[in-house]
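Here is a short note for a colleague who is opening this structure for the first time. Please read the points with the structure in view.

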Amino acid sequence: MTVVKILVVGANGQIGKHLVSFIQNHDQLEAKAVIRNEKQESFFKDLGAETAVIDLEGDVESIANAAEDVDAIVFTAGSGPHTGKDKTILVDLDGAVKTIEAAKMAGVNRYIMISSFDTTRQAIQDAPRSFAPYVAAKHYADEWLKGTDLDHTIIHPGALTNDEGTGQIAAAPEVERGEVPREDVASVIVACLEKEETIGKEFQLVKGDQSVQETIDSL
């Protein structure tokens, strides 16, 4: 049985922790968790997951080195709501672009991006002034990915909650704005890793009334 190894960038985030847990409980997947410092290792070691300490504000080569032995990359890192515009640019945009370039350098073709719900040009114009830099950063990171030859999938989750996942979602190129548990976002990422037909797909994701598998199959 071939095991697919996944580099999870932003593993110590809330989606990332769910995702690594799901991957480590999957018969055909294995996680390599990208973390900011060694203090974050214990959670992942308890799951039996390998870790790589990387600063996304550092050089692209360190990311590429970590990606040399993996089969896919999931980018679910973020600067967080309490940082300034500088971190938004350096992590959500530049960190994402460096990870995309690292994938190319390491020969990793499969790439899944966790974006924001609406990253269109219009969304930047419509966003509150304090939120517009984040939307812009996500917009250009998404566009950079779409301009590559990588086998990519872009997921646009709605308002993220820490509610327990229900496994019931709605996903399509455009859906009505709503909430979605982070745990369900992680489940959707795993489903996309399992299904090659999601390559080249870009979709919005909220909670709904259809199972994850049925929804992903229908994209």
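1. The model is a predicted one. A good place to start is the set of buried residues in helix α4: T88, V91, D92, L93, G95, A96, V97, K98, T99, I100, A102 and A103. Buried here is meant as under 20% relative accessible area.

2. What covers these residues? The cover of the buried part of α4 includes two helices, α3 (60–66) and α6 (132–146). It also includes the strands β1 (4–9), β4 (72–75) and β5 (110–114).

3. As for its geometry, α4 runs over residues 85–106, which makes 22 residues. From the first C-alpha to the last, α4 reaches 30 Å, close to the 32 Å expected at 1.5 Å a residue. The helix has a kink of about 35°, and D94 is at its centre. Just after α4 comes G107, with a positive phi of about 75°.

4. A general point helps when reading the list of buried positions. An α-helix has 3.6 residues a turn, so residues three or four places apart point the same way.

5. T99 is a residue of α4 that deserves its own paragraph. How buried is T99? Its relative accessible area is 0%, and because buried means under 20%, T99 counts as buried. Leaving out residues up to four places away in sequence, T99 touches V9, L56, I63, I73, F75 and Y111.

6. Strand β1, one of the elements that cover α4, has six residues, and five of them are buried, so β1 is largely enclosed by the rest of the structure. β1 runs parallel to strand β2 (residues 29–35), and six bridges join the two. One of the bridge pairs is K5 with E30, the latter in β2.

7. For the strands, another general point applies. Side chains in a regular strand alternate between the two faces of the sheet.

8. Turning to the whole protein chain, there are eight helices and 11 strands. The radius of gyration is 16 Å, close to the 17 Å that the globule rule gives for 219 residues, so the chain is as compact as a globular protein of that length. Along the principal axes, the C-alpha atoms fill a box of roughly 40 × 40 × 35 Å.

9. Two further figures concern burial and surface. Of the 219 residues, 50% count as buried. The chain exposes about 10,500 Å², with 46% of that supplied by carbon and sulfur atoms.

10. How far apart in sequence are the residues in contact? Among contacts between residues at least 6 apart in sequence, 68% join residues at least 24 apart.

Methods. Residues are numbered from 1 along each chain as its sequence is written. This is a predicted model: local features need pLDDT of at least 70, side-chain atom pairs count only at pLDDT 80 or more; totals for chains, interfaces and linings use all residues. Side-chain values use heavy atoms; hydrogens and water are left out. Helices (H or I, at least four residues) and strands (E, at least two) are DSSP runs, numbered from the N terminus. The expected span of a helix is 1.5 Å times one less than its number of residues. The bend at a residue is the angle between axes fitted to the seven residues ending there and the seven starting there. Buried means under 20% relative accessible area, exposed over 50%, partly exposed in between (1.4 Å probe, protein chains only). Contact means heavy atoms within 4.5 Å. The radius of gyration is taken over C-alpha atoms; the globule rule is 2.2 Å times the number of residues to the power 0.38. Accessible areas come from the Shrake-Rupley method with a 1.4 Å probe; for residues, only the protein chains shown count as cover. Two strands pair if DSSP finds at least two bridges between them.
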